[in-house]
Amino acid sequence: MAPSSPLIQPTKSHAIANDLRALLGSTKVKDDVPTITAYAVDASIYRIPPQAVVLVESEDDIAATIRYAVSRGIPLTPRAAGTNLTGSAIGSGIILDVSRLNQILEVNREEQWARVQPGMVLAELNRQLSSHGLMFGPDPSSGDMCKLGGMIANNSSGPHTLRYGSVKDNILRLRVCLTSSSWVDAQSYALTDPSLERPLTRVPALREILILVQAHADLIAEKQPTVSKNSCGYNLFGVADGLARGMFDIPKLFVGSEGTLGVVSEARLTLVKKPSATLTALIHFTHLEEVGDAVPQLLTLRPSALEVMDANTLNLIGRAAHGIPADAAATLLLELDADSIEVDLHEQAEALGTICRPYRLASSPTLAFDAERREQLWKARKALYPTLYRFDPKKKPINFVDDVVVPAGRISELIRYLEEFFEGQDVPVAIFGHIGNGNAHIVPLLDVNNRGDFEKMVQAYQEIHSTVLNRFGGSICGEHGDGRIRAEFVKRMFGDELYDLFRQVKNAFDPGNVLNPGIKLSNESFTEHIDYTRLSKSCATCAKCNSVCPVYDVFQSEDMSSRGWFEIVTANDYSYLDSKRVVEACLNCKSCRTICPAGVDVSDLILQKRAEHPNRLAGWIFTLQAKRTLFESCLRFLGTTQGLWDRPFVRRIVEQITAPIMKHLAPTARLPHQLRLRNWRHGTCANGMLI
């Protein structure tokens, strides 16, 4: 067994939650066992149970919670979707969940910007912006569930960084609550602008940072990573670059700070026009070395995305399932956008063919111009990480060296080094990522409950990060954030002097070390708080299921979500009586099963738990469901008449009639506003999910 580390356990006292309920109201604060269990995890390898969860609904809620946490010295962790891979959305004190702050406050179509709250899901943001012909450029692979707050915290980017940059390149202003519980409107000021004096006076920490960066400009320039992407440490580099242009770019300091300097309540985002047309291409190379030669030439086409999956990755996700040739040593996924009808993507496709002709390809490039076909080509890449959970019942994908960046021209050299390193360890590994800017994601498959695999993980952590820095002159973090995973290595990357500046930044804004302690700057080993029990289960905790869960859509709370339910019902201390409130809220719509790349059926787990203690109505439903023909006939009738009962007036009447019935099923049960039953004529429901 791997050496286990003691977890930070929640206090048995309810004093913290009771205090917060008195401040904010009882509906916004939770500390029951199911809630603590659900919020103890994010998409990382860690588990840390909190003491209380606050579901904030206003800026006043944020300020009051921060004021209370600072006055008591209680750790406070901001959280959005909890899709990060580094453990920065979990903590031992108060979880401040911003999911209910999920509105677009303003869109300026002419100037191409929007004011957005941090709980807004990226996919929903772009869906609403599409009516304006606009979109937000950065697009992490978790875009169907990740939220703006987390993207800002991590300085996320994604496959289309080549064209649109990272989040830090697309932020105009931030509204941030500091540990003083005061607010700062973080924007960029000219150093000669008299209005700069106001924020410097109101927020002394900003003046400290301005003086600090000016005094150490040479050191910061010397230590600035030379690769195209970096989210390691605090972004003093962006601040210093701004000062060199005569600007104090305050948002650069907060983007990528992972909730350790303040809590964001809204952001003004730079938007871009949606492409008028897009071409996606899949290119299979039989020799890895030729990938490195081809990339500079492919970049001359100015692609918006250029992704790579190595041979190991292709084997792990299943070549046959995705139509990948058996002799492909690496696959490139390339995307070209047309900004206007004058751009002919078919001509671009011909140019692509010309570039690829000299290389030994496993097959001709696969080209897709229509949206449905392009989505199919992206499917394997977007679901890659959780899909790896299907590979082995014991060995799971472990993120601990997952976000390195090297010069783009050396990416093939990096892949070859990594393949040889893990082959020497006899460890399966998936290597993929944004080859156009040298950002590789590395996901070994390990059984961390096995001492041998645990020791291999520790060895790989040290050797690969050191090699990326010393041999490749790269960065250990491109877009996922430092979190708990890389915090201990930040000093190794930048040296004592710059690390001391980072500590001064943290102390200026958070002298009590209340905001997300242990994140970004820490000497604690990355192996602390690893959730060994969960890493032996089938769920990747990626939260893709939450993106289609109608109950989560209503409550915006992790304890009322598919991912949260999995944690609750599979916990060692699970109790039906303690968890009845959440277990009986599931609608059993099966949406979680249809979207889960790891093949987990949370709804079935819930049914099993309900069957152990059915109430009268639930028992009747189970009996009806067992009579498959009759049950499907009922669903067929409801599905074919949805156009009638989904009209606003009829829907209100239906909800009023069914409300008392639903309460017999569970106190929190209700018909979700977005419920779509199956369209029996076409085999799918209105939103495309199989039911």
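**Exercise 1.** Determine which helix gives the most residues to the negative surface patch.

*Solution.* Step 1: α19 gives the most to the negative patch, with three residues; helices are DSSP runs (H or I, at least four residues) numbered from the N terminus. This is a predicted model, in which local features need pLDDT of at least 70 and side-chain atom pairs count only at pLDDT 80 or more, while totals for chains, interfaces and linings use all residues. Residues are numbered from 1 along each chain as its sequence is written, and side-chain values use heavy atoms, with hydrogens and water left out.

Step 2: The patch is formed by D218, E222, D496, E497 and D500. Patch residues have over 30% relative accessible area and no salt bridge, like charges being joined within 9 Å.

Step 3: Two or more patch residues come from each of α9 (217-223) and α19 (490-509).

**Exercise 2.** Classify E222 as buried or exposed.

*Solution.* Step 1: E222 is located in helix α9. Step 2: Because its relative accessibility is 60%, E222 counts as exposed; the cut-offs are over 50% for exposed and under 20% for buried (1.4 Å probe, protein chains only).

**Exercise 3.** Describe the salt bridge between E567 and R47.

*Solution.* Step 1: A salt bridge requires a side-chain nitrogen of Lys or Arg within 4 Å of a carboxyl oxygen of Asp or Glu. Step 2: In the E567 and R47 pair, the closest N and O atoms are 2.5 Å apart. Step 3: E567 belongs to helix α21 (residues 562-569), whereas R47 sits in the loop between α2 (33-38) and β2 (52-55), 520 residues apart. Step 4: Both E567 and R47 are buried.

Definitions and conventions:
Patches are made of residues with over 30% relative accessible area and no salt bridge: like charges are joined within 9 Å, nonpolar side chains (Val, Leu, Ile, Met, Phe, Trp, Tyr) within 5 Å. Accessible areas come from the Shrake-Rupley method with a 1.4 Å probe; for residues, only the protein chains shown count as cover. Lys and Arg count as positive and Asp and Glu as negative; His and the chain ends are not counted. The place of a charge is taken as NZ of Lys, CZ of Arg, CG of Asp or CD of Glu.
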